[in-house]
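Hi,

Here is the structure I promised to pass on. Have a look, and my notes follow below.

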Amino acid sequence: MLAAVLLLFPLIGSAQMHVNIGADSPLRKLQLAEMAITNLYVDSVDEQKLAEDGIRGMIEKLDPHSSYLTAKEVREANEPLQGNFEGIGVQFNMVEDTLLVIQPVSGGPSEKVGIVAGDRIISVNDTAIAGVKMAKEEIMRRLRGPKGTKVNLGIVRRGIADTLRFVVTRDKIPVKSIDATYMLRPQVGYIRIGSFGATTYDEFCESLKKLKKQGMKSLVLDLQENGGGYLQAAVKIAEEFLERDELIVYTKGRRASRSEYRAKGGGLFTKGKVAVLVDSYTASAAEIVSGAIQDQDRGIVIGRRTFGKGLVQRPIDLPDGSMLRLTIAHYYTPSGRCIQKPYVKGKGEDYAMDVVNRLKSGELMSADSVHFADSLKYYTLKKHRVVYGGGGIMPDEFVPLDTLRYTKYHRQLAAKTIVITQNLRYVDEHRQQLQAQYKSFDDFRQHFEVPQELIDRIIAEGEKQDIKPKDDAELQTTLPYLRTQLKALIARDLWNMDEYFAIINELSDTVQRALELLK
């Protein structure tokens with residue numbers, strides 16, 4: 001998601017800029033070209049599109065993170081970071097062209113009127129949305145709407161012959177950016193942050209307080225696959241680990257003077273041990289938190305080299321609701337590192353292929369393949385350990401990517417959504433039985449075993465789509481991870497994401513290494 005990988009500068013609103021439109025100005029040249037095309041060109045032209053294409057043409061010649069967004073793209077990009085949207089409040093998935101409710105949002109408008117997990121929404125305001133090949137985006141558009149408006153839903157519920165009718169009053173629906181919070185082991189808490197949005201700091205503080213009440217002494221902070229978000233959210237979260245006046249990050253650019261962000265003191269977790277988990281998709285604001293904890297010797301960073309986005313974008317609102325996100329500065333970790341990886345202006349495709357190239361080069365399997373020039377060497381502020389800039393944050397403890405666990409057979413099953421679809425069907429058919437048998441997640445985790453029936457369904461559906469293991473050895477290698485994945489997905493559908501990660505993390509080499517080091 002585009003918004004997730006943008007580090008937003010804290011100055012919002014239209015830029016105050018001096019514009020020179022003299023006879024020799026490049027802007028005058030652009031004006032004359034646009035006027036000539038509009039008035040003299042042989043065919044009619046779309047002036048709006050012409051202007052947008054011109055802007056994009058200029059942006060493409062800059063760095064990889066400057067961008068232009070239409071008004072619609074601005075709304076879509078901002079929504080996940082703003083912390084809420086307006087709608088009916090359900091988590092759902094599409095199963096055979098039908099919207100299946102995974103969970104209604106707790107306390108949300110759908111739950112209030114009696115919609116439950118397993119319900120199928122087949123119509124919205126008397127328009128069929130099931131069995132008509134309607135795009136998921138169009139279904140979401142029909143379900144969402146301004147707070148206070150009503151929507152009439154037709155619902156099919158297992159065990160009830162007639163279609164049920166519910167009138168739901170739309171409301172603000174919170175979008176959580178904390179994916180999971182739970183006790184990983186006695187005294188060891190776990191928090192996974194998906195992105196840094198407007199509500200992330202409040203969610204994070206709530207998570208910290210919850211875990212501390214449960215006896216947390218050490219914390220695993222999971223920033224894997226976190227593409228970033230708001231600078232201020234990252235700064236405030238880093239403050240909770242650092243002492244008063246300790247530097248978190250600073251920014252500076254050609255026209256932007258140096259701005260420092262320091263801890264204000266009184267953080268919620270300034271003493272316990274901290275392990276930060278990162279990978280090659282950890283970017284931007286997530287790298288600020290990782291870099292601050294590493295440079296201040298506050299904790300240990302574990303995983304693989306991060307993405308390497310050290311550029312700051314300023315949003316510049318345009319009159320029609322569209323926006324420029326223009327890079328105006330670099331950010332620097334406390335030791336002085338700019339961790340922005342190298343790029344060539346106008347070569348966005350090469351830049352985007354960097355993570356793929358890391359896999360091909362073997363870097364994700366061995367730290368020895370990463371080499372930094374001596375000119376990029378820096379030192380942490382307290383223990384004076386060597387760290388490097390110029391290409392992401394290199395973890396203190398490298399954990400190689402386990403490519404043997406994920407067989408080609410499993411990747412093909414997942415790519416065709418066979419695993420997800422068959423899991424949803426199984427939970428839909430057995431939800432009441434599972435809820436009656438397992439009154440608590442602890443009971444489920446200890447005693448539930450994925451039935452062979454579900455495995456057989458997945459194998460059979462794979463064969464229908466010409467997906468087969470090359471031999472029995474590949475099948476046997478696939479099954480242990482597949483069973484754990486299915487158990488985690490079933491736990492998610494019966495409870496929530498906390499329970500999903502509580503199961504799936506037991507197979508994570510990075511999480512397990514963190515537990516070893518925290519001892």
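Let me start with one ring: Tyr438 has a relative accessibility of 9%, so it counts as buried (under 20% relative accessible area; exposed is over 50%, partly exposed in between, with a 1.4 Å probe and protein chains only). Before going on, a caveat: this is a predicted model, where local features need pLDDT of at least 70, side-chain atom pairs count only at pLDDT 80 or more, and totals for chains, interfaces and linings use all residues. Residues are numbered from 1 along each chain as its sequence is written, and side-chain values use heavy atoms, with hydrogens and water left out.

Back to the rings. The structure holds 16 aromatic pairs (Phe, Tyr and Trp rings, the six-membered one for Trp, with centres within 6.5 Å; planes under 30 degrees apart are stacked, over 60 edge-to-face, the rest tilted). One of them is tilted: Tyr182 and Tyr190, at 5.1 Å centre to centre and 45° between the planes. Tyr190 is buried at 0% relative accessibility, and Tyr182 is buried at 9%.

Tyr438 pairs with Phe448 edge-to-face, with 5.9 Å between centres and 85° between planes. Tyr438 sits in the loop between helix H12 (418-437) and helix H13 (441-447), and Phe448 in the loop between H13 and helix H14 (452-464), so the pair ties together parts ten residues apart in sequence. Phe448 is buried too, with a relative accessible area of 5%. Both belong to one aromatic cluster with Phe441, Phe444 and Trp495.

Now the whole chain. It has 17 helices and 21 strands (DSSP runs numbered from the N terminus: H or I of at least four residues for helices, E of at least two for strands). The radius of gyration is 25 Å, which agrees with the value near 24 Å for a compact globule of 519 residues (C-alpha atoms; the rule is 2.2 Å times the number of residues to the power 0.38). The C-alpha trace spans about 75 × 65 × 50 Å along its principal axes.

Of the 519 residues, 49% count as buried. Among contacts (heavy atoms within 4.5 Å) with a separation of 6 or more, 71% come from residues 24 or more positions apart.

As for charge, there are 72 positive side chains (Lys and Arg) and 68 negative ones (Asp and Glu), with His and the chain ends not counted. The centres of the two sets lie 4 Å apart, placing each charge at NZ of Lys, CZ of Arg, CG of Asp or CD of Glu.

Cheers
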